[in-house]
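Biologist: Could you take me on a close look at the part of this model where the helices pack together? I would like to hear what is covered there and what is left outside.

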Amino acid sequence: MPSLPERFRGGTRAAGGMLGYPPDQLHREVALIAFHFHWSYEEIMYMEHRERYEWVQEIVRLTRGENKLSLPGNQASTY
């Protein structure tokens, strides 16, 4: 098996990426998604940050009444 490049063996890290996620924000996201969709903690935590964020944004749209679906022919339907 090939050895790791020096930049990884030394414990240094390349620039960019997320070092950590604020625990209070993570707890709020998990609570919001679990409350609205009744998904388990494990299901929610298995998601990547971006996916959780998108579900939080969808919940915000739903709770603000922005729940119109665009249908063919410029019709709209509330779900």
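Modeller: Happily! Let's start at Ile59, which touches Leu32, Ile33, His36 and Phe37 once residues up to four places away in sequence are set aside; contact here means heavy atoms within 4.5 Å. Please keep in mind that this is a predicted model, where local features need pLDDT of at least 70 and side-chain atom pairs count only at pLDDT 80 or more, while totals for chains, interfaces and linings use all residues. Residues are numbered from 1 along each chain as its sequence is written, and side-chain values use heavy atoms, with hydrogens and water left out.

For orientation, the protein chain has four helices and two strands, in the order α-α-α-α-β-β from the N terminus. Helices (H or I, at least four residues) and strands (E, at least two) are DSSP runs, numbered from the N terminus. Of the chain's 79 residues, 14% count as buried, where buried means under 20% relative accessible area, exposed over 50%, and partly exposed in between (1.4 Å probe, protein chains only).

Ile59 is one of the buried residues of α4, together with Arg52 and Val56. Seen down the axis of α4, these buried residues fall within an arc of 60°, so they line one face of the helix; the arc is that of the directions from the helix axis to the C-beta atoms. Their cover includes α2 and α3 (41-46). Helix α4 itself covers residues 49-63 and reaches 21 Å from its first C-alpha to its last, close to the 21 Å expected at 1.5 Å a residue; the expected span is 1.5 Å times one less than the number of residues. After α4 comes Gly65, with a positive phi near 85°.

Now across to α2. Its buried residues are Leu26, Glu29, Val30 and Ile33. Down the axis of α2 they fall within an arc of 95°, so they too line one face of their helix, and they pack against α3 and α4. On the face turned away from that buried side, α2 carries the exposed residues His27, Arg28 and Phe35.

These helices meet in the largest nonpolar core, seven residues in all: Tyr21, Leu26, Val30, Ile33, Ile44, Val56 and Ile59. α2 and α4 each supply at least two residues of this core, and α2 gives the most, with three. A nonpolar core is a set of buried Ala, Val, Leu, Ile, Met, Phe, Trp, Tyr and Cys residues joined through side-chain atoms within 4.5 Å.

Glu29 deserves a stop of its own: this α2 residue is buried, with a relative accessible area of 6%. Its side chain makes polar contacts with the side chains of Tyr21 (2.3 Å) and Arg52 (3.2 Å). A polar contact is a pair of N or O atoms within 3.5 Å; within protein, one must be able to donate a hydrogen and the other to accept it, and residues adjacent in sequence count only if both atoms are side-chain atoms. Leaving aside neighbours within four places in sequence, Glu29 is in contact with Tyr21, His49, Arg52 and Val56.

Finally, look just past the end of α2, where His38 takes a positive phi of about 60° although it is not a glycine. His38 lies in the loop between α2 and α3 and is exposed, with a relative accessible area of 71%.
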